[in-house]
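Here is a short set of exercises to work through with the model open beside you. Try each task before reading its solution.

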There are 2 protein chains.
Amino acid sequence: MRGMEWNGREIRILDQTRLPRREVWLTLSTTAQIARAITGMRIRGAPALGIIGAYGVAQAALRSKAKTTLGVFRDAEKAGAVLAFTRPTAVNLAWAINRTLDAGRAVVESADRDAIVKTLAEEANFIAEEDARACDAIARVGQEFVVPGARVLTHCNTGLLCTGGSGTALGVIRLAHESGKDIKVLATETRPLLQGARLTAWELGTLGVPHALIPDSAGPALLSRGEVDVVIVGADRIAANGDVANKIGTYSLALAAREAGVPFVVAAPVSTIDLAVPSGDLIPVEERSPDEVLSVLGTRVAPVGTGAVNPAFDVTPARFVTAIVTERGVVRPPFAESLRALVQPSS
Amino acid sequence: MRGMEWNGREIRILDQTRLPRREVWLTLSTTAQIARAITGMRIRGAPALGIIGAYGVAQAALRSKAKTTLGVFRDAEKAGAVLAFTRPTAVNLAWAINRTLDAGRAVVESADRDAIVKTLAEEANFIAEEDARACDAIARVGQEFVVPGARVLTHCNTGLLCTGGSGTALGVIRLAHESGKDIKVLATETRPLLQGARLTAWELGTLGVPHALIPDSAGPALLSRGEVDVVIVGADRIAANGDVANKIGTYSLALAAREAGVPFVVAAPVSTIDLAVPSGDLIPVEERSPDEVLSVLGTRVAPVGTGAVNPAFDVTPARFVTAIVTERGVVRPPFAESLRALVQPSS
């Protein structure tokens, strides 16, 4: 079960806005189609955005009508520029696009038309495979935070639909379950787009993990009542100081976890760490359409004339983060030092 | 505009589950009908529950087929017992029922059949009128917490629909607007039943108060971003030590307000204060049906097989509460002393 496929020519995605009621696969043949699928949240999740961005660059080269190798590469660059701006917060998108283009740039003067396409496609495939391996490693590394019988609270969706593998936070949860740890999961419904209610519940159900949905606002209250042993979430971007941008609502869970003395763990691949951004207040936070709040499942809830404020993400200060679980190991405070050592081990 | 009427014989309520799309008035002629309307959230809000409980007692006496005054009073008591258990958290319900029955009990030995009915109905009317006056006083008293230009965050619905007057927290907001303070309101949508999106937005729109809806989980994030000047909420029960039970999600707002150094103000009538409950952990918190979370507006969101945890309220510790605004004035920490002095001024 995957949420995205690349057959060497076209990208196919499982439309995440239709789940769990319908499993609809979309074929994306052009950069514009990919961009619309991303902005429309048909595909989402930081690692998955990176992978589709890389495939989008490769596909643009493949479909380029340019006669020269450089012309093909320029078309790939143009696609990358379009896709990199579709969503501003997750750093994985720009990271994967740049990495794919860098691979192409390294051979553009020596390669022919076919070779540049092949290089870009190979790099995109490699990014996808690397993410799948990263998920497996994150799942293993994260086990130290899940004791047998743990009641685990998670937020939004961080599983196979939004990574190249079994997920980040949900990968940790999945492995804990498969290891026989007898865990129970509390999953936030994750308004406004209900990724928790629609996607996380669906993945947990498929995997047979005992779980219950909660309204987002109940998470902090359940923490205060002593009903949660650990909070595990993903991340869209981690600043150099350890501040974490993630789905709106993460901040309130981190705050309540600290108040309750419960570990707050972030599970994310190294590609999510952005050392170029010193602190969380400099991470761009996407403001999405008010319609997502004013309507639910396509039915208008709020009266005509009412507007909405709809930030897609919030920033959790590093001081509330117990640990960051990556494929290279656990990172702990002080994060400024530990994150730099993790990302740039040679320096 | 009112959300409830009593014509001396029948109770009529504006069905809060149908707003804002439709304004449907329901006539409640029996105790069973009232109980179903309360459990089905067709009428809600702590003060309004008290008022309908009192009217329910009076109506049961009026409709009693008993031949004796005592028999009529016993039927009123039975109705009170049924209604008092419909929702456990808001103390106003049991408070108003007991107060109405106490008024009847005081005359039951001397009164005839008509007189006991009249006594109960008068007490119920008096409770409603008193609540309307309390709302006006709360609105005035609360003005010290709303500076001109303030950005006010509120939660759930605390206006005319759920009180006998202009509301508690929303009454403060309304008077601030009508006083020309040029305020802006951020209203949480209030999952699972969306009282903010459906009712608060409707009331604010009707009153012409500038406002925007936010997902519940965005409230703490907006507080952390410095976009809120004051949080004002209502209460369903206030313990003797100042702990506040209120709509689920209140706790996370209080926690974030403290973290941001923003005042967190509770507006509630004195009838909400329950000195018999020493602290918040002893307040019964109603757990409502998982269906409220699993479905939105009647459409199932979560996959089959997924359950939900759905506490209707949470408890905010007194240490996060800046002040409690009542019709008798502002109560400040230490609450154990100030609440006792407010409720029992003679002792």
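**Exercise 1. Place a proline and look at the bond before it**

Task: Where in chain A does A:P334 lie?

Solution. Start by finding the elements on either side: A:P334 is in the loop between β17 (329-331) and α11 (335-343) of chain A. Bear in mind that you are looking at a predicted model. Next, turn to the backbone, where the peptide bond from A:P333 to A:P334 is cis, with omega near 0°. For background, most peptide bonds are trans. Chain B offers another case to inspect: the peptide bond from B:L19 to B:P20 is cis, with omega near 0°. B:P20 sits in the loop between β2 and β3 (25-28) of chain B.

While you are checking the backbone, visit A:C156 as well. This residue has a positive phi of about 60° although it is not a glycine, and its place is the loop between β4 (151-154) and α6 (169-178) of chain A.

**Exercise 2. Relate the two chains**

Task: Find what turn lays chain B on chain A.

Solution. Superpose the copies: a turn of 180° with a shift of 0.0 Å along the axis lays chain B on chain A, with an RMSD of 0.0 Å. That is why the relation is one of a two-fold axis. Now compare the contact surfaces. The same surface serves both copies, as 100% of the contact residues of chain B recur in chain A.

**Exercise 3. Describe the interface**

Task: How many residues does the contact take from chain B and from chain A?

Solution. Count each side: 51 residues come from chain B and 51 residues from chain A. Then take the area. About 3,900 Å² is buried between chain B and chain A, and carbon and sulfur atoms give 67% of that. In chain B, the residues that lose the most area to chain A are B:S217, B:E259 and B:V301, which together make up 14% of what that side buries.

Go on to the polar side of the contact. Between chain B and chain A there are 6 salt bridges and 16 residue pairs in polar contact. B:E259 appears here too, in a salt bridge with A:R319 whose closest N and O atoms are 3.0 Å apart.

Finally, ask which elements take part. Those giving two or more residues to the side of chain B that touches chain A include α7 (195-207), α8 (218-224) and α9 (250-260) of chain B. Of the elements, α9(B) gives the most, with 6 residues. By class, this side of chain B has 31 nonpolar, 9 polar and 11 charged residues.

**Exercise 4. Trace a sheet across the chains**

Task: Which strands stand at the edges of the open sheet of 8 strands?

Solution. Write down the order, which is β17(A)-β16(A)-β10(A)-β7(A)-β4(A)-β5(A)-β6(A)-β14(B), with mixed pairing. β17 of chain A and β14 of chain B are at the edges, each with a single partner strand, so one side of each is left without a neighbour in the sheet.

Now look at one pair inside chain A. Strands β7 (residues 230-233) and β10 (residues 264-267) of chain A run parallel and are joined by 3 bridges, with A:I232 opposite A:V265 in β10(A). For a pair that crosses between chains, see β14 (residues 307-308) of chain A and β6(B), which pair in the parallel sense over 2 bridges. There, A:G307 has B:A212 as its bridge partner.

Notes. Residues numbered from 1 in each chain as written. Chains lettered and ligands numbered in written order. Predicted model: local features only at pLDDT ≥ 70, side-chain atom pairs only at ≥ 80, totals over all residues. Heavy atoms only, no water. Least-squares fit on C-alpha atoms with pLDDT ≥ 70 in both. Contact = heavy atoms within 4.5 Å. Buried area = accessible area lost by both parts, 1.4 Å probe. Salt bridge = Lys/Arg side-chain N within 4 Å of Asp/Glu carboxyl O. Polar contact = N/O pair within 3.5 Å; in protein donor to acceptor, adjacent residues only side chain to side chain. Helix = DSSP H or I, 4+ residues; strand = E, 2+ residues; numbered from the N terminus. Nonpolar A, V, L, I, M, F, W, Y, C, P; charged D, E, K, R; others polar. Pairing = 2+ DSSP bridges.
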